[in-house]
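Visitor: Could you walk me through this one, with the cut-offs spelled out as we go?

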Amino acid sequence: MRELFLVIISLAAIMAGLFGLMTLVGRDIALFIGLTSLCFGITSLMFTMRARSVLSRGSSLRDYTTSFALCLVLILVFSLWDTMIDLFNWSGGWLYPKYIFITLAYFVFLYTSYRIFNLGKEFGFKDQAEKIKKAMK
C-alpha cells in the first residue's frame, strides 16, 4: 500500500513539473523537450550513482555501472549543449561540439558492450540456457 502511495505521489510530482515547465517555456516545443530530457537524464544519473554506491568495489557490475554513468554524463552534456543552442539561437561552429559529445557516448557504449559480450562468452550463458531448455522439455 505504501509503495502505491509513493508511485501516485511521484506521478503527481512529474505531472506538476511538466505542467510548470510548459508554463515556463510557452509554445517553444524544442526547448520544452530539451529541458524535459535534461530532467529525466539527471534523474537517471542520480539513480545510477546510487546503484553504483551499493555495489562492491572491484566488481565487474560496478565497472559496468561506471561505464553506464559515463555514457549518461556524455548524453547529458549533449542534451545540455543542444538545449543551449535552442535557448540562445547559436549557429555555426557552436553546433559541432554536441556531435563530439554524442560520438564519445557511443564509443563508451561500444566499449562497455564489448566487455559485456566477453563476460557472456566467459560464463557461457548461452550454453547454460540451452541445457535448461532441454531439461525442461
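Guide: What follows takes up the pocket, a surface patch, the salt bridges and a few single residues. The model is a predicted one, in which local features need pLDDT of at least 70 and side-chain atom pairs count only at pLDDT 80 or more, while totals for chains, interfaces and linings use all residues. Residues are numbered from 1 along each chain as its sequence is written, and side-chain values use heavy atoms, with hydrogens and water left out.

Visitor: How much space lies in the largest pocket?
Guide: About 210 Å³ lies in it. A pocket here is an open set of points on a 1 Å grid over the protein atoms alone, where a 1.4 Å probe fits, with protein on both sides within 12 Å along at least five of seven lines; points are joined across faces, edges and corners, and the volume is the space filled by probe spheres set on them.

Visitor: And which residues line the largest pocket?
Guide: The lining, meaning residues with an atom within 4 Å of a point, consists of Ser10, Ala13, Ile14, Gly17, Leu18, Leu21, Thr36, Cys39, Phe40 and Thr43. Two elements give two or more residues each, helix 1 (2-25) and helix 2 (29-54), and helix 1 supplies the largest share with six. Helices are DSSP runs (H or I, at least four residues) numbered from the N terminus.

Visitor: What is the lining like by class?
Guide: It has six nonpolar, four polar and no charged residues, where Ala, Val, Leu, Ile, Met, Phe, Trp, Tyr, Cys and Pro count as nonpolar, Asp, Glu, Lys and Arg as charged, and the others, Gly among them, as polar.

Visitor: OK, the surface now. Which residues form the nonpolar patch?
Guide: Val7, Leu11, Ile14 and Phe40 form it, with about 360 Å² of accessible area together, and three of these residues, the largest share, come from helix 1. Patches take residues with over 30% relative accessible area and no salt bridge, and nonpolar side chains (Val, Leu, Ile, Met, Phe, Trp, Tyr) are joined within 5 Å; the areas come from the Shrake-Rupley method with a 1.4 Å probe.

Visitor: Is isoleucine 14 buried or exposed?
Guide: Neither label fits, because isoleucine 14 has a relative accessible area of 37% and is partly exposed, given that buried means under 20%, exposed over 50% and partly exposed in between (1.4 Å probe, protein chains only).

Visitor: Switching topic, how many salt bridges are there?
Guide: The count comes to two, with a salt bridge being a side-chain nitrogen of Lys or Arg within 4 Å of a carboxyl oxygen of Asp or Glu. In one of them aspartate 63 meets arginine 115 at 3.8 Å, N to O. Aspartate 63 lies in helix 3 (residues 60-88) and arginine 115 in helix 4 (residues 96-123), so this pair ties together parts 52 residues apart in sequence.

Visitor: What about aspartate 82 and lysine 98?
Guide: Their side chains meet at 2.8 Å, N to O, and the pair ties together parts 16 residues apart in sequence, with aspartate 82 in helix 3 and lysine 98 in helix 4. Aspartate 82 is partly exposed at 24% relative accessibility, whereas lysine 98 counts as buried at 13%.

Visitor: Last one: where does asparagine 89 lie?
Guide: Asparagine 89 lies in the loop between helix 3 and helix 4, and it has a positive phi of about 55° although it is not a glycine. Its relative accessible area of 67% makes asparagine 89 exposed.

Note on methods. Patch = residues over 30% accessible without salt bridge, like charges linked within 9 Å, V, L, I, M, F, W, Y side chains within 5 Å.
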